[in-house]
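Open the model in your viewer and keep the selection panel at hand. The tour starts with the whole chain and then goes to one residue.

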Amino acid sequence: MITNILQTKAWEKFLNDEGDQTYRLEDKGYIAMCVLKSTPVGNYLFLPYGPSLESEKDLKPALTAVKKLAKEKGAIFIRIEPTIELSEKTIKDNELKKSKDIDPRSTVILDLTQSEEDILKNMEKKKRKVYRNYKEKGISIRQSSEPKEVKILLDFYSTLTQKRGFNPHSNEYLGRQINYDFTKLYIAELEGKPIGAAMIYDDDYARYYAYAADSEEHKNLSTSVALVTQMIFDAKADGKKVFDFWGATTSNDPNDPWYGFTQYKLSYGGQIKTYAGTYDIVLNKGKYSLYSALRKVNRIKRKLIK
């Protein structure tokens, strides 16, 4: 069974260390790592990119187990994000209520079981050229697991997020992740000076492109392309089966805010993969309605603050 890293024991340990209360349910056909979340109205169980399923038919027994846990914990609803697509019948039969997506519904997946020659062939021509020539430009790329070096990424990343006006995780949150084996830093340097950095997550099956940013001063060097291509081929060498670019849109509208970076990710030769999306299973209708109303109010407040 293939699980997203957000359902792994490694990620669960990170959440526990962050203070989250988690529960793991496993049986033939499914794995369900559940996080107990609290709201002013009551608790709920959240399964980030879960439950992991062998097939669509395994959703029902998985939800039966999760519902039992939810009732034991007094949860007012369950929020799921299966990493498969669900039929309308399955959605109806399991009384799933569509919610605003938390984690991206779609991503770009690059197959690493191809030969290196085929991976390069399927990349955009400019990116192939960057990968083959970045060392000649004086760029070097290294890996790091040193906590102090996460500041290199954070400095670049802070500049990027301010420019684009979105709210990322805090620097402290990202900084703590480097202490875990599933995380690595990639740092690009020019004459010993950092000009870009990226953070990746690894599990047994995949490498995930989590965060990246580079220097505005050296944009002409295509540092991000050099970083990504090197991370791809290192992942293949490490035996990973796929490179997950983590987040994409299926929209063909150039005005879609995710359109540009989706096209960028696709230019490495991957394919869009779409999951079920985020759904809720309501256990207490009254409290869930109140929770939903408060959620809408908070969304409006955030828009006004922006």
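How many helices and strands are there in the chain? The chain has 10 helices and 14 strands, where helices (H or I, at least four residues) and strands (E, at least two) are DSSP runs numbered from the N terminus. Its radius of gyration, taken over C-alpha atoms, is 21 Å, close to the 19 Å that the globule rule gives for 306 residues, so the chain is as compact as a globular protein of that length. That rule is 2.2 Å times the number of residues to the power 0.38.

This is a predicted model: local features need pLDDT of at least 70, side-chain atom pairs count only at pLDDT 80 or more, and totals for chains, interfaces and linings use all residues. Residues are numbered from 1 along each chain as its sequence is written, and side-chain values use heavy atoms, with hydrogens and water left out.

Show the C-alpha atoms alone: along the principal axes they fill a box of roughly 65 × 45 × 40 Å. Of the 306 residues, 50% are buried (under 20% relative accessible area, 1.4 Å probe, protein chains only).

Next, select residues 106-111, which form strand E7, and centre on Ser106. Ser106 counts as buried because its relative accessibility is 5%. Add Thr274: the two side chains make a polar contact at 3.0 Å (a pair of N or O atoms within 3.5 Å, one able to donate a hydrogen and the other to accept it).

Finally, select Gly247, Ala248, Thr250, Ile272 and Lys273. Leaving aside neighbours within four places in sequence, Ser106 is in contact with these residues and with Thr274 (heavy atoms within 4.5 Å).
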